[in-house]
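Consider how the strands, helices and side chains of the chain shown here are put together. The explanation that follows is intended to be read beside the coordinates.

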Amino acid sequence: MTSLWRSVLNKSRLRLPHSPSCRPLHVGQRASLTKAFSARDVQLFAELTGDNNPVHLDPVYASTTSFEAPIVHGVLINGLISAVLGTRMPGRGCVFLHQEIRFPAPLYIGEEVLAEAEVRKIKMAFAFIAVTCSVRDKVVMEGEVMVMMPDEPQQKE
């Protein structure tokens, strides 16, 4: 752990934690969203990041690989988890601190992916959350993340 994160975590212990009665999350709580990435989405991501790997962008090249068609960047898939955490659970004000993720199968352009998060553990101001992205029964990303919860309980909009 870097000294910057150590400093953040130490400061958060002074400002936080939430009492159990006002925690914005509880163990077992879930949130999700769905999205289908278009070829344009993948192209824009490649332009923003500079990741121009032809396995994502060139159908002719991709057809020569084991994938046989262009696949969505793994980090773009992971962005859906960031969206779930930042907009749905815990929502505004949470800070993504750590993640461990795997990509057991490819996500193809146009497939509708379901991004899901489930709270597994809460310790002080930190939530440990299991995350999964899947297309029907095919898991395209899975892992665990740790977030620092917002200072105040979230209001429903």
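The paragraphs below treat the sheet, its hairpins, the nonpolar core, the salt bridges and a helix in turn. The model is predicted.

The sheet is a suitable starting point. Five strands make up an open sheet, in the order β1-β3-β4-β5-β2, with antiparallel pairing. At its edges stand β1 and β2, each of which pairs on one side only. On average, and with direction ignored, neighbouring strands of this sheet are turned by 20 degrees against each other. Helix α5 packs on the sheet and touches β1, β2, β3, β4 and β5. The direction of α5 makes about 55 degrees with that of β3.

The pairing within the sheet may now be followed strand by strand. Strands of a sheet pair through backbone hydrogen bonds, either parallel or antiparallel. Between β3 and β4, which run antiparallel, there are 9 bridges. Two residue pairs fix the register of these strands for the reader: Ala-115 stands opposite Cys-133 in β4, and Ala-117 stands opposite Val-131 in β4. The two strands form a hairpin with 2 residues between them, and Met-124 in the turn has a positive phi of about 55 degrees.

On the side of β5, strand β4 is joined by 10 bridges, again in an antiparallel arrangement. Here Ala-130 has Glu-144 of β5 as its bridge partner. β4 and β5 likewise form a hairpin with 2 residues between them, and the turn contains Arg-136, whose phi is positive at about 50 degrees. β4 itself is mostly covered, with 8 of its 10 residues buried.

What lies in the nonpolar interior? The largest nonpolar core has 31 residues, of which Leu-85, Leu-107, Val-113, Ile-129 and Cys-133 touch the most other members. At least two residues of this core come from each of β1 (30–36), α2 (39–49), α5 (74–87), β3 (112–123), β4 (126–135) and β5 (138–148). The most is given by α5, which supplies 6 residues. The helix that packs on the sheet is thus also the element that gives the most to this core.

Val-113 offers a closer view of these surroundings. Leaving aside residues up to four places away in sequence, Val-113 touches Leu-33, Thr-34, Lys-35, Phe-37, Leu-80, Leu-107, Cys-133, Ser-134, Val-135 and Val-140. Among these contacts, Leu-107 and Cys-133 are also named with Val-113 as core residues that touch the most other members.

Charged side chains add a further set of connections. The model contains 8 salt bridges. One of them joins the side chains of Glu-118 and Arg-30, at 3.0 Å from N to O. This pair links distant parts of the chain, since Glu-118 belongs to strand β3 and Arg-30 to strand β1, 88 residues apart. Glu-118 is partly exposed because its relative accessible area of 21% falls between the limits of 20% and 50%.

Another salt bridge is formed by Arg-102 and Glu-144, whose side chains meet at 3.2 Å from N to O. Arg-102 lies in strand β2 (residues 95–102) and Glu-144 in strand β5, so this pair ties together parts that are 42 residues apart in sequence. Arg-102 counts as partly exposed at 38% relative accessibility, and Glu-144 is likewise partly exposed at 38%. Salt bridges with shared partners also join Arg-30, Glu-116, Glu-118 and Arg-120 into one network. Glu-144 thus appears both in this account of side chains, as the salt-bridge partner of Arg-102, and in the sheet, as the bridge partner of Ala-130.

Lys-35 and Asp-41 form a further salt bridge, their closest N and O atoms being 3.6 Å apart. Lys-35 is partly exposed, with a relative accessible area of 32%, and Asp-41 counts as partly exposed at 23%. Lys-35 is also one of the residues touched by Val-113.

A final position belongs to helix α4. Pro-59 is placed in this helix, which covers residues 59–62. Is Pro-59 buried or exposed? Its relative accessibility is 53%, and Pro-59 therefore counts as exposed, the limit being over 50%. The C-alpha atoms of Pro-59 and Ala-69 are separated by 5.7 Å, although these residues are 10 apart along the chain.

Key: Residues are numbered from 1 along each chain as its sequence is written. This is a predicted model: local features need pLDDT of at least 70, side-chain atom pairs count only at pLDDT 80 or more; totals for chains, interfaces and linings use all residues. Side-chain values use heavy atoms; hydrogens and water are left out. A nonpolar core is a set of buried Ala, Val, Leu, Ile, Met, Phe, Trp, Tyr and Cys residues joined through side-chain atoms within 4.5 Å. Buried means under 20% relative accessible area, exposed over 50%, partly exposed in between (1.4 Å probe, protein chains only). Helices (H or I, at least four residues) and strands (E, at least two) are DSSP runs, numbered from the N terminus. Contact means heavy atoms within 4.5 Å. Two strands pair if DSSP finds at least two bridges between them. A salt bridge is a side-chain nitrogen of Lys or Arg within 4 Å of a carboxyl oxygen of Asp or Glu. Axes are lines fitted to C-alpha atoms, for helices over the stretch in contact, and angles run from 0 to 180 degrees between N-to-C directions.
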